[in-house]
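Visitor: Could you take me through one part of this model at close range? I would like a single helix, its surroundings and what comes after it.

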Amino acid sequence: MALNTHWISIIYTDQFVHPMRSEQQTFGRKCREAEDIIKWVAGKYGAEAAFACSFGAEDMVLLDIIERVTEGGNTISAFTIDTGRLHPETYELMQLAANRYRQKIDIYFPESSGVEAMVSRFGINLFYTSVEKRKMCCRVRKVEPLKRALRGKKAWITGLRREQSQERADVVPVSQDRSSNLVKVCPLAEWTDDDVWSYITRHRVPFNPLHLSGFVSIGCQPCTRAVKPGEGSRSGRWWWEEGEKECGIHTSRL
Ligand code: SF4
């Protein structure tokens with residue numbers, strides 16, 4: 001028996017949709033929107049759009065989406081920053097991603113003269129001694145290479161999500177970023193943790209095994225640790241500090 005339009009409208013009214021189906025529809029919509037945003041940015045900016053890949057779970061999702069919707073054609077540019085202090089697992093994932101995906105990811109290193117001067121004056125683990133020294137290290141090892149990587153670009157694609165922290169609660173999918181003067185593109189702005197891990201599972205995306213040991217947000221090895229259930233997703237970053245958990249990449253004037 002064919003369904004009449006009355007029943008069709010009831011079945012597709014939100015309140016009658018089974019919760020599981022509703023979640024799947026929402027997840028499907030978010031995936032399509034993220035794909036559309038990437039297609040749009042690739043079409044509008046091409047290689048003048050740069051995807052900043054940290055190899056965290058969100059960025060692995062974005063890498064996979066970029067590979068699928070741009071057919072791995074390196075339509076946009078992509079880069080990562082090797083601070084010199086990353087976890088061994090992150091380096092292994094970098095190589096795994098290079099083997100699996102056709103999208104080329106350029107690696108930017110900090111200026112050696114800046115690192116040498118900083119370490120010679122303040123020591124190799126200066127970040128533990130004060131917030132100012134920690135921010136100095138982030139500036140030298142992350143923000144300076146980021147500036148070079150974004151030079152000449154018009155759009156900056158990142159895996160920021162609102163759910164990640166209080167500081168990121170206002171993230172929107174596309175905005176004009178005042179600190180960098182670039183169009184900032186955050187296709188996963190609305191995604192939840194569950195969305196990220198659903199995508200990774202469904203598409204068999206490689207991910208950093210540290211996520212399985214309680215590491216949620218993975219940065220440099222000396223500055224990141226696992227978090228306990230219920231702790232904020234960025235509380236494992238610079239755990240010895242109180243307050244804002246940002247390295248300056250998304251908050252400094254670039
Ligand atoms: S996260 Fe730690 S090691 Fe990495 S750049 Fe910042 S202070 Fe330095």
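Guide: Happily; what follows is a close look at helix α3, its packing partner and the loop after it, with a second helix pair alongside. Please keep in mind that this is a predicted model.

Let's start with the helix itself. Helix α3 takes in residues 57-69, and at 1.5 Å a residue its 13 residues should span 18 Å. The C-alpha atoms at its two ends lie 19 Å apart, which agrees with that expectation. Most of α3 is covered, with 11 of the 13 residues buried. The list of buried residues begins with A57, E58, D59 and M60, continues through V61, L62, L63 and D64, and finishes with I65, I66 and E67. So charged side chains such as E58, D59, D64 and E67 are on that buried list too, since Asp and Glu count as charged.

Next comes the partner. Helix α7 (residues 193-202) crosses α3 at roughly 50 degrees, and the two axes come within 10 Å. The two helices are therefore oblique to each other, because only angles under 35 degrees count as roughly parallel and those from 65 to 115 as roughly perpendicular. Their crossing is left-handed. On the α3 side, the contact is made by A57, E58, M60 and V61, which meet V196, Y199 and I200 of α7. By type, these contact residues divide into 6 nonpolar, no polar and 1 charged.

Now follow the chain out of the helix. After α3 comes E71, which has a positive phi, near 55 degrees. G72 sits in the loop that links α3 to β2 (77-81). This glycine is partly exposed, because 13 other C-beta atoms lie within 10 Å, while 12 or fewer would make a residue exposed. Setting aside neighbours within four places in sequence, G72 is in contact with E67, Y101, R102 and Q103. E67, you may recall, is one of the buried residues of α3. G72 and K104 are 32 residues apart in sequence, yet their C-alpha atoms are 8.8 Å apart in space.

For another packing arrangement, turn to α5 (residues 112-122) and α6 (residues 131-150), whose axes are 10 Å apart at an angle of about 165 degrees. That makes α5 roughly antiparallel to α6. This crossing is left-handed. Here G114, V115, M118 and F122 of α5 meet K133, M136, C137, V140, R141 and E144 of α6. The residues of this contact divide into 6 nonpolar, 1 polar and 3 charged.

Conventions. Residues numbered from 1 in each chain as written. Predicted model: local features only at pLDDT ≥ 70, side-chain atom pairs only at ≥ 80, totals over all residues. Axes fitted to C-alpha atoms, helices over the stretch in contact; angles between N-to-C directions. Helix = DSSP H or I, 4+ residues; strand = E, 2+ residues; numbered from the N terminus. Parallel < 35°, antiparallel > 145°, perpendicular 65-115°, else oblique. Left-handed = near helix turned anticlockwise from the far one by under 90°. Contact = placed C-beta atoms within 7 Å. Expected span 1.5 Å × (residues − 1). Buried ≥ 20, exposed ≤ 12 C-beta atoms within 10 Å, placed from the backbone.
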